[in-house]
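New to this one? Take a moment to look around, and then we'll walk through it together.

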Amino acid sequence: MKQIAIIVFMSLWFFACSSGGENIVPVTTSPPPVAATLALPANGTICLEGQSVSQTWADVSFSWGVAKDTDYYDLVVTNLLNFTSSTKTVNGDKTTMTLNKGVPYSWQIISKSNKVKETAASAVWKFYLAGDGASTYAPFPATAISPTPGSSISAIGGKVNLTWLGSDPDSKTLSYEIFIDTDVAKVTNRSVTSIKSTTTSLTVNVNAASTYYWCIKTSDGTQSSYSMVYGFRTN
């Protein structure tokens, strides 16, 4: 009887502590940061002067809207001639970066938080930083839309449709050449025969279970630019 009484007492004590003696703290989750809205330099700006610091370099001012639930930002500026990127971490909504003159650039803001790992990416805008004596500019390098870079897709009837976005700061009519092959070196060196197009889409023949690489040459009739090399895999 004594053992039974002890067991009953301990059970009642455990139940009381579990149900009424413990304060349950609700779990709260911080919201992820919101993507910033870009302001300056405006998308497609040409002849952007910046603040000249030498014959070849200029300070460029960047600004964007304050993004909700964001503690700091990464400004990512990419040289569209060699596709190298520079990143600068900023606490506010504006900053400057020293860039090489006479070069097309893209820029983007990545919103970040100290509370969560998620980030948010803004749109990508392009501009031309003016070069000394430059009066005309080559087209902006084209950007692949489909297939999504790095994706795996199913070829329909042994064919894949390539689409891309091209633009010209001088508003000239553009034409394109597509370099595509399973050998990335041939595409990088543009040693494979190109396929010409006057539109921003092209259907090409492909084999299944293969990785393809492609890049786009954009021409305005006088000057040209080349995109970075993109890749996709066929199922």
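What follows is a short tour, starting with the whole protein and ending with a few single residues.

## The big picture

First things first: this is a predicted model. The protein has 235 residues, and 37% of them count as buried. Its secondary structure comes to two helices and 19 strands, so expect to meet a lot of β labels below.

On the outside, the protein exposes about 13,500 Å², with carbon and sulfur atoms supplying 55% of that area. As for how the chain meets itself, take the contacts between residues at least 6 apart in sequence: 67% of these join residues at least 24 apart.

## How far to trust it

The mean pLDDT of the protein is 90, and 87% of its residues reach 70 or more. One stretch to treat with care is residues 4-19, where pLDDT stays under 50. For that stretch, the model has three contacts beyond four places in sequence. Where pLDDT is low, the predicted coordinates should not be read in detail.

## A three-strand sheet

Now for some strands. They pair in a sheet through backbone hydrogen bonds, and can do so either parallel or antiparallel. One open sheet here is built from three strands in the order β11-β13-β16, with antiparallel pairing. The edges are taken by β11 (140-146) and β16, and each has a single partner strand, so one side of each has no neighbour in the sheet. From one strand to the next, the twist averages 35°.

Look at the pairing of β13 (residues 159-167) with β16: five bridges join these antiparallel strands. If you want a pair of residues to find on screen, try Leu162, which stands opposite Leu202 in β16.

## Strand β19 and its partners

Next, go to β19, which covers residues 230-234. Is this strand mostly covered or mostly open? It is mostly covered, as four of its five residues are buried.

Which way do its partners run? Strand β12 (residues 152-153) is parallel to β19 and joined to it by two bridges, whereas β17 (residues 211-219) pairs with β19 in the antiparallel sense, over four bridges. Down at the residue level, Ile153 has Thr234 of β19 as its bridge partner, and Thr211 has Arg233.

## Ser210, in the loop before β17

Ser210 sits in the loop between β16 (201-205) and β17. Why does this loop residue count as buried? Its relative accessible area is 15%, and the cut-off for buried is under 20%.

Who does Ser210 touch? Leaving out residues up to four places away in sequence, its contacts are Thr182, Phe232, Arg233 and Thr234. There is also a polar link to Ala208, whose backbone oxygen lies 3.1 Å from a polar atom of the Ser210 side chain.

## Around Val124, Trp125 and Lys126

Two residues come together with this trio. One is Ser106, in strand β8 (residues 103-112). Ser106 is buried, with a relative accessible area of 9%. Not counting residues up to four places away in sequence, Ser106 touches Val76, Val77, Thr78 and Leu80, as well as Val124, Trp125 and Lys126.

The other is Asn43, found in the loop between β1 (38-40) and β2 (45-48). Asn43 counts as partly exposed because its relative accessibility is 47%. Beyond its neighbours within four places in sequence, Asn43 is in contact with Val124, Trp125 and Lys126. Asn43 and Val124 are 81 residues apart in sequence, yet their C-alpha atoms are 8.4 Å apart in space. With Lys126, the link is a polar one: the side chain of Asn43 reaches the backbone nitrogen of Lys126 at 2.8 Å.

## Val116 and a run of prolines

Our last stop is Val116, in the loop between β8 and β9 (120-121). Val116 is buried, with a relative accessible area of 15%.

What covers ground here is the chain itself: Val116 and Pro31 are 85 residues apart in sequence and 7.6 Å apart in space, C-alpha to C-alpha. Setting aside residues up to four places away in sequence, Val116 touches Ser30, Pro31, Pro32 and Pro33.

Notes
Residues are numbered from 1 along each chain as its sequence is written. This is a predicted model: local features need pLDDT of at least 70, side-chain atom pairs count only at pLDDT 80 or more; totals for chains, interfaces and linings use all residues. Side-chain values use heavy atoms; hydrogens and water are left out. Buried means under 20% relative accessible area, exposed over 50%, partly exposed in between (1.4 Å probe, protein chains only). Contact means heavy atoms within 4.5 Å. Accessible areas come from the Shrake-Rupley method with a 1.4 Å probe; for residues, only the protein chains shown count as cover. Two strands pair if DSSP finds at least two bridges between them. pLDDT is the predictor's confidence in each residue, from 0 to 100. A polar contact is a pair of N or O atoms within 3.5 Å; within protein, one must be able to donate a hydrogen and the other to accept it, and residues adjacent in sequence count only if both atoms are side-chain atoms. Axes are lines fitted to C-alpha atoms, for helices over the stretch in contact, and angles run from 0 to 180 degrees between N-to-C directions.
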